[in-house]
Amino acid sequence: MSMPLSFPSIAPVPSHVHRPRWSVMIPTYNCAEYLKHTLHSVLQQAPAPQEMQIEVVDDHSTQDDPEAIVREMGQGRVSFYRQPQNGGAIHNFNTCIQRSTGQLLHILHGDDKVLPGFYAAMERAFRQEPTIGAAFCRPIYLDEADKQRFVYQLEQPEAGIMPQLLQRLGKVCMIQTPAIVVQREVYETIGGFHPELFHAGDWEMWKRIASYYPVWYEPEPLACYRTHASCHTSGLVRSGANIANTRRAIEISQSYLPASICELITAEAKEFYALYAFESACWYFVRRDFQTASAQLREGLKCSHSLKTLANMSRFIGAIGIRRSRKTLSTLLKPASGCLPQAD
């Protein structure tokens with residue numbers, strides 16, 4: 001398979017190295033307070049060491065000591081690697097891939113977790129359909145206090161290959177990193193995460209995989225993605241860089257999307273994230289955070305200012321009404337928070 005763009009190369013595992021079925025690679029950066037929960041969620045359902053590699057890959061944390069957590073929780077079962085210097089989330093993701101030795105690779109953020117049955121469900125998917133490149137489940141959003149905020153919508157009622165995934169995924173990121181497992185050989189074939197995409201690298205990767213491989217969908221919500229004020233994404237929202245980087249991901253994916261649907265998917269994605277940014281701007285405006293609101297609106301209009309986009313913005317304003325209370329506005333705008341890629 002030839003790739004139109006140059007993506008980071010992923011070397012195969014050397015032939016003399018033992019290949020477990022699983023590699024669970026846990027990237028961390030200044031999130032040790034959540035790492036105990038992450039490791040516990042994996043260890044309580046992990047098979048024997050020869051069947052599952054578990055490793056924490058730390059991006060040179062400066063505010064905590066994840067290695068101490070690994071020693072305490074892992075008791076020798078979990079390995080630890082510390083980057084010699086901070087390289088950013090995408091570099092750390094690619095390090096996770098390169099250091100993995102398993103056939104199936106799960107990248108699990110150090111502040112996220114999986115629920116009981118996650119690995120069993122993913123194993124069933126790959127056993128039933130060995131040709132799939134990846135399998136994913138519905139994610140649950142958690143807050144800092146471990147309280148559930150919402151669950152992603154159901155994409156299809158039954159587990160199985162999702163036939164129209166690329167048409168859906170090409171428009172909006174509905175896969176979160178802790179919810180997806182990828183065959184390692186897929187990364188070896190199509191390359192690692194794109195270094196430019198410090199925020200939207202996950203979305204671009206899932207689109208790339210879905211462009212070349214069938215992907216399995218598990219309707220049970222078995223993985224949890226955590227949002228909190230100190231996470232990487234929060235700062236990007238304030239500057240509008242989350243939208244700008246998402247726009248760059250849309251541009252990059254044009255290089256490999258099938259010609260028959262590329263133009264339509266690209267236009268729909270730009271319109272979707274323009275409206276998302278507008279809704280986000282309204283949400284921050286209500287909270288009198290005018291700097292963030294302005295940044296979101298500015299970058300959103302760079303995505304699209306088509307007649308369709310502007311009409312949707314007008315309808316949105318009409319739907320909420322200028323006399324709505326601040327509390328009502330917040331409730332109406334909250335669902336949009338689950339639509340962005342999260343490579344952090």
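A nonpolar surface patch is made here of residues with over 30% relative accessible area and no salt bridge, the nonpolar side chains being joined within 5 Å. In this predicted model, one such patch of about 200 Å² is made by L297, L301 and L310. L301 belongs to helix 11, which covers residues 290-303, and with a relative accessibility of 32% L301 counts as partly exposed.

**Overall architecture**

The chain has 344 residues, of which 56% are buried, and its secondary structure comes to 13 helices and 10 strands. Of the contacts between residues at least 6 apart in sequence, 81% join residues that are at least 24 apart. The chain exposes about 15000 Å², and carbon and sulfur atoms supply 53% of that area.

**Nonpolar cores**

In soluble globular proteins, nonpolar side chains tend to be buried together. The largest nonpolar core in this model holds 55 residues, and the members that touch the most other members are F136, M174, Y187, F193, W206 and I209. Helix 10, spanning residues 259-286, gives the most to this core, contributing 8 residues. A second, separate core has 30 residues and includes A32, V42, I69 and V181. Leaving aside residues up to four places away in sequence, F136 touches a set of residues that includes M122, M162, L165, M174, I175, V215, W216 and Y217, and E218 is also among them.

**Salt bridges**

The count of salt bridges comes to 17, and three of them are set out below.

| Pair | Closest N to O distance | Burial |
|---|---|---|
| R184 and E188 | 2.7 Å | R184 buried (1%), E188 partly exposed (26%) |
| E204 and R208 | 2.7 Å | both buried |
| E299 and R247 | 3.1 Å | both buried |

R184 and E188 are 4 residues apart in helix 6 (residues 184-190), and the two are therefore separated by about one helical turn. E204 and R208 are likewise 4 residues apart, in helix 7 (residues 201-212), again a separation of about one helical turn. The side chains of E299 and R247 also meet in a salt bridge, at 3.1 Å from N to O; because E299 lies in helix 11 and R247 in helix 9 (residues 241-253), this pair ties together parts that are 52 residues apart in sequence. Salt bridges with shared partners join R247, R298, E299 and K302 into one network.

**Cysteines**

How many disulfides does the chain contain? The count comes to 0, a disulfide being a pair of cysteine sulfur atoms within 2.5 Å. For C137 the closest cysteine sulfur is that of C224, at 8.7 Å, which is too far for a bond. C137 is buried, with a relative accessible area of 1%, and C303 is buried as well, with a value of 6%.

**Backbone exceptions**

Most residues other than glycine have a negative phi. N30, although not a glycine, has a positive phi of about 50°; N30 sits in the loop between strand 1 (22-28) and helix 1 (32-43), and is buried at a relative accessible area of 17%. D146, also not a glycine, has a positive phi of about 70°. The position of D146 is in the loop between strand 6 (134-142) and strand 7 (148-151), where D146 is partly exposed, with a relative accessible area of 32%.

Key. Residues are numbered from 1 along each chain as its sequence is written. This is a predicted model: local features need pLDDT of at least 70, side-chain atom pairs count only at pLDDT 80 or more; totals for chains, interfaces and linings use all residues. Side-chain values use heavy atoms; hydrogens and water are left out. A nonpolar core is a set of buried Ala, Val, Leu, Ile, Met, Phe, Trp, Tyr and Cys residues joined through side-chain atoms within 4.5 Å. Buried means under 20% relative accessible area, exposed over 50%, partly exposed in between (1.4 Å probe, protein chains only). Contact means heavy atoms within 4.5 Å. Patches are made of residues with over 30% relative accessible area and no salt bridge: like charges are joined within 9 Å, nonpolar side chains (Val, Leu, Ile, Met, Phe, Trp, Tyr) within 5 Å. Accessible areas come from the Shrake-Rupley method with a 1.4 Å probe; for residues, only the protein chains shown count as cover. A salt bridge is a side-chain nitrogen of Lys or Arg within 4 Å of a carboxyl oxygen of Asp or Glu.
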